[in-house]
Amino acid sequence: MYNVREVTKDLYWVGGNDRRLSLFENIHPIPEGVSYNSYLLLDEKTVLLDTVDWSICNRFIENIKYVLGDRSLDYLVINHMEPDHAGSLGEILSHYPDVKIIGNKKTFDFMKQFNFIADNTIEIKDGDTMSFGEHEFLFISAPMVHWPETMATFDTTNGVLFSADAFGTFGSLDGKLFNDEVDFDRDFLVPARRYYTNIVGKYGPQVQSLLKKAKDLDIKYICPLHGPVWRSNIDYFIDKYNKWSSYEPEEKGVIIVYGSMYGNTEEAAEDIARRLVEKGMSNVVMYDASKTHVSYLIADTFRLSHIVLASATYNLSIFPPVHEYLLTMQGLNLQKRTVAIIQNGTWAPRAGQLMREFLVGMKEMNVLEKDVLITSSMKEENIDEMEALANSIIESMK
Ligand code: FEO
């Protein structure tokens, strides 16, 4: 059975939700589900913007058939070839063999790579326009937001920006479609941050370029490929994207990430957390790197200005879950943070030195001078060092 929403005159949401998938990209947990958005324009010509993940293809086809009625599908714009959006392309080609596919050179390269064969293609370049009757589309290349072929499409007639992965979020839509139908801060801001930082976070400069291009457009709606459609308070979300993509923290605060086999390194993490709060910094969150999926750590690392790493030495190296956190942070190009280090070792402690070497290789990371060394467990002799480290964190916030 179809399940569609009208976005604005002539434009329909024909996507769907996936609450069964456990891991997005087979990596990131999505207990909140995810939506795959696709949009259908009814003008003199009919135009579909992107398809959906294969998992919801049947519903998607029913949606399209319902909105089209007895009309056929004339065009398909592919803003992004990643299979969570282009996965139903083969099914569209089989239902509508005469559809003309609009994309750029890379779009068509990737189509072939994914084994989709289409003869009716129209190759466009950045800045090209195309009219479908009343509506005219402007195609805006947005390479690496999130793949090289990614583009955005702007309807110059009604100010709708089809933004591909940009401005997307995790989270199923639950019957709601628009940002003003959801409590975004309560239900979507955390998933949105986790989505952006982990999926697109590496490509901050490219997102900045897209934001610069978007400044010149009179945007009335943002229609992303995941999550709510924005039709009000658009500057709020653009501001979040601006911060995330420039790697500026949203808040002064501390994320403490610890790796602890038997609770002794955890005890040191608890100690520094208490000292920070007692000194007036209560925006502190603690994570056991062994228990929390790294995507959650990354999201809060983008949110906060300071990091405390507390790691046991393991096989003469960094405790593996903490190491994974560091590798992910580095892979996403995270920068502009102040970091304090606590290490633990029963013999030959090495984690502190290795974490420091890792961090100084990253961009604009301010690693505080003195590490705290715990030998097996915290003792009275560590108190002065912990106090000094807490003071130095607070001082660096001024
Ligand atoms: Fe939602 Fe890059 O795909």
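What covers the buried residues of helix H6? The cover includes strand S13 (136-141), strand S14 (151-155), helix H5 (184-200) and helix H7 (234-245). This is a predicted model. The protein has 12 helices and 23 strands. Of its 398 residues, 57% are buried.

**Overall build**

- The C-alpha atoms fill a box of roughly 80 × 40 × 35 Å, taken along the principal axes.
- Take the contacts between residues at least 6 apart in sequence: 73% of them join residues at least 24 apart.

**Helix H6**

- H6 runs over residues 204-215, which makes 12 residues.
- At 1.5 Å a residue, H6 should span 16 Å. The C-alpha atoms at its ends are 17 Å apart, which agrees.
- Gly 204, Val 207, Leu 210, Leu 211 and Ala 214 are the buried residues of H6.
- These buried residues cover an arc of only 120 degrees around the axis, so they lie on the same side of H6.
- A general rule applies here: an α-helix has 3.6 residues a turn, so residues three or four places apart point the same way.
- Pro 205 and Lys 212 sit on the other side of H6, and they are exposed.

**Largest pocket**

- The largest pocket holds about 290 Å³ of space.
- Its lining has 16 residues. Nearest the centre are Met 261, Ala 312, Thr 313, Gly 345 and Thr 346.
- Helix H8 (264-278) and strand S19 (304-314) each supply at least two residues of this lining.
- S19 gives the most, with three residues.
- By class, the lining of the largest pocket has seven nonpolar residues, nine polar and no charged.

**Second largest pocket**

- About 230 Å³ of space lies in the second largest pocket.
- It is lined by 13 residues, and Asn 3, Trp 13, Gly 16, Asn 17 and Arg 59 are the closest to its centre.
- Charged residues do appear in the lining of the second largest pocket: there are four, with four nonpolar and five polar.

**Two residues with positive phi**

- Most residues other than glycine have a negative phi.
- Asp 50 is not a glycine, yet its phi is positive, at about 65 degrees.
- Asp 50 is in the loop between strand S8 (46-49) and helix H1 (57-68).
- Is Asp 50 buried or exposed? Asp 50 has a relative accessible area of 2%, so it is buried.
- Ala 164 also has a positive phi, near 60 degrees, and is a residue other than glycine.
- Ala 164 belongs to strand S15 (residues 160-164).
- Ala 164 has 1% relative accessibility, so it counts as buried.

**Asn 79 and its contacts**

- Asn 79 is in the loop between strand S9 (75-77) and helix H2 (83-86).
- Its relative accessible area is 1%, so Asn 79 is buried.
- Which residues are in contact with Asn 79, leaving aside its neighbours within four places in sequence? They are Leu 49, Asp 50, Glu 149, Thr 150, Met 151, Ala 152, Thr 153, Phe 162 and Ala 164.
- Asn 79 is thus in contact with both Asp 50 and Ala 164. Asp 50 has a phi of about 65 degrees, and Ala 164 has a phi near 60 degrees.

Technical notes:
Residues are numbered from 1 along each chain as its sequence is written. This is a predicted model: local features need pLDDT of at least 70, side-chain atom pairs count only at pLDDT 80 or more; totals for chains, interfaces and linings use all residues. Side-chain values use heavy atoms; hydrogens and water are left out. Helices (H or I, at least four residues) and strands (E, at least two) are DSSP runs, numbered from the N terminus. The expected span of a helix is 1.5 Å times one less than its number of residues. Buried means under 20% relative accessible area, exposed over 50%, partly exposed in between (1.4 Å probe, protein chains only). The arc is that of the directions from the helix axis to the C-beta atoms. Contact means heavy atoms within 4.5 Å. On a 1 Å grid over the protein atoms alone, a cavity is a set of points where a 1.4 Å probe fits but cannot get out, and a pocket is an open set with protein on both sides within 12 Å along at least five of seven lines; lining residues have an atom within 4 Å of a point. Grid points are joined across faces, edges and corners, and a volume is the space filled by probe spheres set on the points. Ala, Val, Leu, Ile, Met, Phe, Trp, Tyr, Cys and Pro count as nonpolar, Asp, Glu, Lys and Arg as charged, and the others, Gly among them, as polar.
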